[in-house]
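Let's take a look around this protein together, a few spots at a time. Keep the 3D view open as you read.

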Amino acid sequence: MRSIWKGEVSFGLVNVPVKVYSATEDHDLHARQVDKKDGVRIRYKKVRDDNGEEVEFSDIAKAYESEEGEMVILTKEDLASLPVEQNHEIEVTEFVPADQVDPVAFDNAYFLEPASRSNRAYVLMREALQQTDRLAICTFTLRNRTRLCALRVYKDVLMLQTLLWPDEIRPAILEGLDKEAKVRPQEVKMAASLIETMAADFEPEKYEDDYQNQLKELIEAKAAGGEAFTVEERDTSSDDDGDDEVADLLAALRASVKDRGGKADDTDDQDDDDEDSGSAKKTASKKSGSSSARKTPAKKTAAKKAPAKKAAAKKSTATKSTSSKSDSGSSGSGTANRSTASKSPAKKAPAKKSTARKTPAKKSA
């Protein structure tokens, strides 16, 4: 592994000579552009705009546009003359709590190796950072750029991690969050239970890059003249607006907890469901008070019940009149009075029924 920068870390009056190495590398398979007819490789050529002649890489220089629009050519020697390029120092400006730097700001990572005969200052800084649980915020120039970076400890090695500048992080303005959905307390509780059943220590070694592994398998199969995979038809019948998913969210959470071997508290969920259903019924009743279409079924039901009451009233009247006749034949006037009383409610009941029917008609009109 070859170092890409050499200098020293300075904080206060302490200087730590270090060498900088790239801490990460790309494991992806890189494709080459070829002619699809015969697989002949396609190469890019550096050509002039005016006559199309190819230019050798060694003859290519960098040019920057001035404020007046003039192209100014700068050589490597010109760029090396900048004061920041001549300063081989990683200057620590402050030490901040580790949790105050959001991971979204982390960019490239570099290992720092002691560059002096004695690594005493290196070990001192490493131990101090570990004990205080802080990051050293510093700046230095690398590859024609001034970098904002965080110095931290990674597996007993000082690591320099470049940070994105604040204006390089886009604001999180997303249309999908304009209207935030409301979640029920039992859904949050069940989601927290699911998280607890899946809690574990992070072991990156147990994860694999499935895409790269399958890509290698596909390349070897195609090279041998075969096929590695078959394309399965995607079921698009389940693609909807997500209403069913939202409706079954609590059920899916409960099933996930049970599938992970956890315990789903159905009692609390049932109580919450009852409360939600009760509040939903109250809301529905309030809404029905302002909706004429919902009033109609209620009045019709009452109208249907009225004939049953009328029939019961007739039966009771007939029973009373029969018993009164059998007990005394001279009580005809009393029987007539009872029959008259029983008939008058029967006449009023149809009147109420007809009124109930007329009211929806007027409202619907």
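## A pair of neighbours

Which residue's side chain meets the side chain of arginine 126 in a salt bridge? The partner is glutamate 127, and the distance from N to O comes out at 3.1 Å. Before going further, bear in mind that what you're looking at is a predicted model.

How open are these two to the outside? Arginine 126 has a relative accessibility of 15%, so it counts as buried, since the cut-off for buried is under 20%. Glutamate 127 has a relative accessible area of 37%, which makes it partly exposed.

## More salt bridges

A search through the whole structure turns up five salt bridges. Another one of them joins the side chains of aspartate 50 and arginine 48, with 2.6 Å from N to O. Aspartate 50 sits at 57% relative accessible area, so it is exposed, the cut-off being over 50%. Arginine 48, at 41%, is partly exposed.

Then there's arginine 184, which forms a salt bridge with glutamate 187. Here the closest N and O atoms are 3.3 Å apart. Is glutamate 187 buried or exposed? With a relative accessible area of 9%, glutamate 187 is buried. Arginine 184 has 29% relative accessibility and counts as partly exposed.

## A glutamine tucked away

Now find helix α5, which covers residues 210-223; glutamine 212 is part of it. Glutamine 212 has a relative accessible area of just 8%, so it is buried.

Which residues does glutamine 212 touch, if you skip its neighbours within four places in sequence? The answer is His27, Asp28 and Leu29. With leucine 29 there's an extra detail to zoom in on: a polar atom of the glutamine 212 side chain lies 2.9 Å from the backbone nitrogen of leucine 29.

## A hole inside

Next, let's hunt for empty space. Rolling a probe the size of a water molecule over the atoms shows where space is left unfilled. In this structure, the search finds one cavity of 30 Å³ or more. The largest cavity holds about 40 Å³ of space.

What lines the largest cavity? You'll find Asp107, Arg145, Arg147, Thr162, Leu163, Leu164, Trp165 and Glu168 around it. Sorted by class, that lining has four charged residues, three nonpolar ones and one polar one.

## Two unusual backbone angles

Finally, check the backbone. Most residues other than glycine have a negative phi. Asparagine 144 isn't a glycine, yet its phi is positive, at about 65 degrees. To find asparagine 144, look in the loop between β7 (134-141) and β8 (146-154). Its relative accessible area is 46%, so asparagine 144 is partly exposed.

Lysine 155 isn't a glycine either, and it has a positive phi of about 50 degrees. Where does lysine 155 sit? You can spot it in the loop between β8 and β9 (157-163). Lysine 155 has 63% relative accessibility, and so it counts as exposed.

Terms used. Residues numbered from 1 in each chain as written. Predicted model: local features only at pLDDT ≥ 70, side-chain atom pairs only at ≥ 80, totals over all residues. Heavy atoms only, no water. Helix = DSSP H or I, 4+ residues; strand = E, 2+ residues; numbered from the N terminus. Buried < 20%, exposed > 50% of the residue type's maximum accessible area, 1.4 Å probe, protein only. Polar contact = N/O pair within 3.5 Å; in protein donor to acceptor, adjacent residues only side chain to side chain. Contact = heavy atoms within 4.5 Å. 1 Å grid on protein atoms, 1.4 Å probe; cavity = no way out; pocket = protein on both sides within 12 Å on 5 of 7 lines; lining within 4 Å. Points joined across faces, edges and corners; volume = space filled by probe spheres on them. Nonpolar A, V, L, I, M, F, W, Y, C, P; charged D, E, K, R; others polar. Salt bridge = Lys/Arg side-chain N within 4 Å of Asp/Glu carboxyl O.
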